[in-house]
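The following note is offered to a colleague who is meeting this structure for the first time. Please read the numbered points with the sequence and the model at hand.

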Amino acid sequence: MNDDRRFTAEAHTYLDGAQTGPVSEADRSDADRLRSAVEAYSARIAAPGRSLTDAVMERVERRGKSKQPVWRWVFEPQPIRLRPIWAPMMAALLLVLWLAVGNRGPEGTPPLVMAGADTVFVQFRLVAPEASAVSLVGSFSDWQSDQYTMGREDGGVWSLTLPLAIGEHQYQFVVDGQRWVPDPTAHAQVDDGFGGTNSVIVVGPRGVVRS
Amino acid sequence: MNTIRHLSLATLLVTLATPGWSQQADVRGTLEARGLPAQLVADVTAVAAEATAQGLPTDPLVDKAIEGWAKQVPAPRILVVVRQFRLHLFDARQAVVGDGGGEPLGMVVSAAAEAMGRGITAEQVGTVVRAAHRPESSAPGLRVAAALTAQGLSSDQAVAVVIEAMQRGQTDAQLLDLPSVARAMHARGLGPAQIGQQMMGGGAQGIGRGLGARPPDVPPGLGPPPGKGKQNPSKRP
């Protein structure tokens with residue numbers, strides 16, 4: 001059918017299925033061809049008895065039921081949705097884990113810890129050349145003798161630096177796991193009530209000065 | 001019958017929610033966690049209950065018991081010391097409250113007890129408490145006064161230094177720098193009386209307003225982590 005051809009009123013009536021009058025052979029031929037094409041297209045886009053939704057859901061279910069080995073899912077690229085805020089949070093978590101677990105120094109050096117806003121790094125030192133082990137025990141460690149083991153340096157000096165909260169702390173050194181000795185360089189020495197002497201340091205925001 | 005059951009349940013819940021009961025449970029739990037023997041736990045918990053009833057803090061009592069046990073002190077001796085410390089806390093509370101006042105903070109009572117054990121009188125405790133801008137500020141003030149006294153300053157001078165620093169507007173944290181400043185002055189050869197005078201002067205050698213005038217040989221405390229960067233230059237024997 002040419003584009004510039006126009007159907008007569010009779011041809012339109014014929015296409016509508018209500019033929020009432022004579023239609024030319026050419027119009028009838030074009031109209032029949034057009035009708036058969038429309039019917040074929042309609043049949044293709046709308047399968048009888050199934051909506052488009054039904055068809056889509058059927059395919060989804062079929063895909064879901066298909067059995068794929070797990071290893072195949074593992075090795076195939078998968079889309080991952082990630083909020084950007086998770087990146088620094090994961091980095092911080094990894095840093096904390098590394099500091100807590102993976103950063104142990106030699107000879108029982110305690111793990112590296114980070115000082116908070118209200119804590120200050122304080123270095124403790126004791127000259128005890130004859131000692132084979134020295135630990136730091138105090139109110140900051142609930143007086144547990146196995147929490148802070150000091151490291152030996154040249155000249156029989158035992159040293160440990162740890163973050164302490166700003167405020168007053170009482171402590172002693174434990175030499176060879178038995179002998180409790182005060183720190184002669186502390187701010188003060190006080191009676192511990194048990195017949196011994198506790199050393200006292202007052203940690204200010206800018207640190208501790210001892211003699 | 002149901003009413004009685006409901007009343008019993010309510011009574012139990014109220015009992016559990018009572019601060020004293022939960023505090024005793026905390027005391028007991030803390031001591032048990034540190035491995036103290038059952039009898040000592042029971043005895044110290046009883047002392048702590050008495051302290052609670054008198055409005056005294058229990059933490060210092062628990063800490064003292066734990067300290068004694070860690071030092072392998074016999075249990076009867078630990079109990080004696082804990083009971084004595086409760087009496088010190090009672091006296092300290094009286095000193096803090098003075099002629100009248102509200103319920104004192106536990107941290108202040110504890111600091112007052114430590115200070116009175118090092119030579120600060122009850123009157124001086126009251127002076128520091130009244131000079132503090134906030135109730136909680138008197139705790140570091142008392143601890144610093146006690147430390148300065150232990151460093152050789154007279155208690156009058158130590159209290160005067162603390163009060164002047166408070167009046168200069170020093171923060172609680174800045175007050176805690178005073179013992180280190182005194183130590184640095186001592187290392188330069190100054191005697192306790194001179195240290196007190198210079199600190200009270202608030203001049204170049206003492207603590208100034210706001211940031212404070214730290215002497216040049218006083219190192220900053222915010223140092224690097226262990227084994228990193230420069231070390232604390234303080235000389236130790």
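Which residue in E5(A) is the bridge partner of Phe121(A)?

1. Pro163(A) is the bridge partner of Phe121(A) in E5(A). The reader should bear in mind that this is a predicted model. The pairing to which these residues belong joins E1(A) to strand E5, residues 157–165 of chain A, in the antiparallel sense over nine bridges.

2. The wider setting is an open sheet of three strands in chain A, with the order E1-E5-E4 and antiparallel pairing. Strand E1 (119–127) and strand E4 (151–152) of chain A each have a single partner strand and stand at the edges, so one side of each is left without a neighbour in the sheet. As a general remark, strands of a sheet pair through backbone hydrogen bonds, in either a parallel or an antiparallel manner.

3. Attention may next be given to His169(A), which is found in strand E6 of chain A. His169(A) counts as buried because its relative accessibility is 9%, and buried means under 20%. Its side chain reaches the backbone oxygen of Ala165(A) at 2.6 Å. Neighbours within four places in sequence aside, His169(A) is in contact with Ser139(A), Phe140(A), Leu164(A), Ser199(A), Val200(A), Ile201(A) and Val203(A).

4. Strand E6 (167–175) of chain A also takes part in the largest pocket, where this strand and helices H4 (59–70), H6 (106–116) and H8 (138–150) of chain B each supply at least two residues of the lining. H4(B) gives the largest share, six residues. The volume of this pocket is about 680 Å³.

5. The lining of the largest pocket comprises 26 residues, and those nearest its centre are Glu168(A), Asp63(B), Ser110(B), Glu114(B) and Arg143(B). Divided by class, the lining has 10 nonpolar, six polar and 10 charged residues.

6. Two residues of chain A deserve a check of their backbone angles. Trp143(A), in the loop between strand E2 (134–138) and strand E3 (148–149) of chain A, has a phi near 60°, a positive value in a residue other than glycine. Trp143(A) is buried, with a relative accessible area of 5%.

7. The second is Asp176(A), located in the loop between E6 and strand E7 (179–181) of chain A. Its phi is near 55°, again a positive value in a residue other than glycine. Is Asp176(A) buried or partly exposed? At 36% relative accessibility, Asp176(A) counts as partly exposed.

How values were computed:
Residues numbered from 1 in each chain as written. Chains lettered and ligands numbered in written order. Predicted model: local features only at pLDDT ≥ 70, side-chain atom pairs only at ≥ 80, totals over all residues. Heavy atoms only, no water. Pairing = 2+ DSSP bridges. Helix = DSSP H or I, 4+ residues; strand = E, 2+ residues; numbered from the N terminus. 1 Å grid on protein atoms, 1.4 Å probe; cavity = no way out; pocket = protein on both sides within 12 Å on 5 of 7 lines; lining within 4 Å. Points joined across faces, edges and corners; volume = space filled by probe spheres on them. Nonpolar A, V, L, I, M, F, W, Y, C, P; charged D, E, K, R; others polar. Buried < 20%, exposed > 50% of the residue type's maximum accessible area, 1.4 Å probe, protein only. Polar contact = N/O pair within 3.5 Å; in protein donor to acceptor, adjacent residues only side chain to side chain. Contact = heavy atoms within 4.5 Å.
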